[in-house]
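This report goes through a structural model, with the sequence and coordinates shown below.

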Amino acid sequence: MSREDVLVTTQWAEENLDTPGVVFAEVDEDTTAYDGGHIRGAVKLDWRNDLQDKVRRDFVDKAGFDALLSEKGIGNDDLVVLYGGNNNWFAAYAYWYFKLYGHENVKLLDGGRKKWELDGRELNSEDVKREATTYTAKEQDLSIRAFRDEIVPAIGASNFVDVRSPDEFSGKLLAPAHLPQEQSQVPGHIPGALNVPWAKVANEDGTFKTEEEIKELYADQGLDTAKPTIAYCRIGERSSIAWFALHELLGYEDVKNYDGSWTEYGSLVGVPVELGAAK
Amino acid sequence: MAADGCGAPAQTATPADLDTKGQVVLSGKVTGTDGPVGGAFVRLLDGGGDFTGEVVSSPEGDFRFYAAPGAWTVRALHRSGNGEASVTVDGPGVHELAISVA
């Protein structure tokens with residue numbers, strides 16, 4: 001797989017706003033940015049309200065995903081270009097989610113909303129309404145999703161890539177530095193995890209570094225490419241950036257995103273936890 | 001329902017006498033030639049220059065981070081230009097930074 005198969009540039013995006021069969025979708029947890037101005041014609045996907053189960057801690061089921069995409073006017077054959085704020089965290093999460101439900105033709109806007117804004121490209125606040133479709137998702141592809149019960153047995157056998165900041169990894173902070181530190185689960189990381197903060201794979205404008213740079217980064221941190229890899233963070237969205245880099249950009253085959261991440265693992269009773277900086 | 005997300009919240013001004021409840025708060029404003037700059041991407045870098053967090057400045061240019069004692073650099077990116085400021089903090093409280101971009 002090459003970079004062009006999974007990413008589009010902001011330039012490409014601007015030139016293809018009206019291309020039939022290409023649907024732009026902005027994905028965010030806080031959608032006020034979309035409401036204030038978005039890429040022209042882009043539909044809105046609200047991470048919290050559209051993509052999460054309303055009761056259980058899980059994603060919407062297949063029927064829910066079918067209904068959502070149908071209502072948004074996304075067809076099975078459309079090329080979906082995802083982008084969002086927060087350095088594309090939720091867009092990358094949604095990319096993984098689209099892949100989970102078998103939507104093959106999906107790409108990420110390299111640099112997301114940030115790069116688009118830094119480029120000074122146009123934002124538009126007109127309502128977007130696309131004609132409804134009849135979307136049919138596939139069953140979840142669990143080869144890219146890790147669950148709680150496979151984590152402890154994988155310690156030592158798989159690479160764990162912890163993409164949180166070094167201070168979250170070591171246990172000094174419980175959440176990213178822009179959030180108050182009041183979470184109650186224990187701090188630390190999965191024993192033996194590598195600490196490769198998500199931002200290491202990105203340039204400051206939010207675009208991904210080159211494949212060569214990313215490959216070298218993980219190699220330097222000790223990633224054993226002969227082993228499967230599980231990426232995690234606090235809730236699974238920053239680790240989607242790492243999953244994207246490892247699985248989509250570098251083409252490593254056995255890479256899963258653990259969406260339960262530290263909020264789940266760090267709350268389990270009886271599991272091993274390691275403190276301190278990366279070795 | 002997932003736990004609260006990791007996304008940065010909307011930024012607001014930080015009163016100088018805010019009770020930080022023992023936390024280290026780094027806050028301030030991004031300004032340009034024509035006053036406050038909203039919509040700048042404000043990045044917190046640790047003492048080694050590594051990325052720690054990012055928020056988008058409020059329409060009045062405000063930003064706020066919850067950090068820990070140590071050396072920090074706050075760097076702002078905006079289509080009009082970039083700028084940064086550094087601070088070393090040794091304890092809790094509000095620590096102010098002013099960043100100009102042009």
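## Helix H6 and the sheet

In this predicted model, H6(A) lies across four strands of chain A, namely strand S2 (22-28), S3, strand S4 (79-83) and S5, and runs at about 175 degrees to S5(A).

The sheet in chain A is open and has five strands, ordered S1-S5-S4-S2-S3, with parallel pairing. Strand S1 (7-8) and strand S3 (43-46) of chain A are at the edges; each has a single partner strand, so one side of each is left without a neighbour in the sheet. S1(A) pairs in the parallel sense with strand S5 (residues 106-109) of chain A over two bridges. A:Val8 has A:Leu109 in S5(A) as its bridge partner.

## Two domains in chain A

Chain A divides into domain 1 (3-140) and domain 2 (144-265), whose C-alpha centres are 23 Å apart. Domain 1 of chain A gives 21 residues to the contact between them, and domain 2 of chain A gives 18 residues.

On the domain 1 side, helix H1 (3-6), H6 and H7 of chain A each supply at least two residues. H6(A) provides the largest share of that side, ten residues. By class, the domain 1 side has eleven nonpolar, five polar and five charged residues.

## Contact between chains A and B

The contact between the chains takes 31 residues from chain A and 24 residues from chain B. Helix H6 (85-100), helix H7 (112-118) and helix H9 (166-170) of chain A each supply at least two residues of the chain A side. That side consists of eleven nonpolar, eight polar and twelve charged residues.

Methods: Residues numbered from 1 in each chain as written. Chains lettered and ligands numbered in written order. Predicted model: local features only at pLDDT ≥ 70, side-chain atom pairs only at ≥ 80, totals over all residues. Contact = placed C-beta atoms within 7 Å. Nonpolar A, V, L, I, M, F, W, Y, C, P; charged D, E, K, R; others polar. Pairing = 2+ DSSP bridges. Axes fitted to C-alpha atoms, helices over the stretch in contact; angles between N-to-C directions. Domains from an automatic or database assignment.
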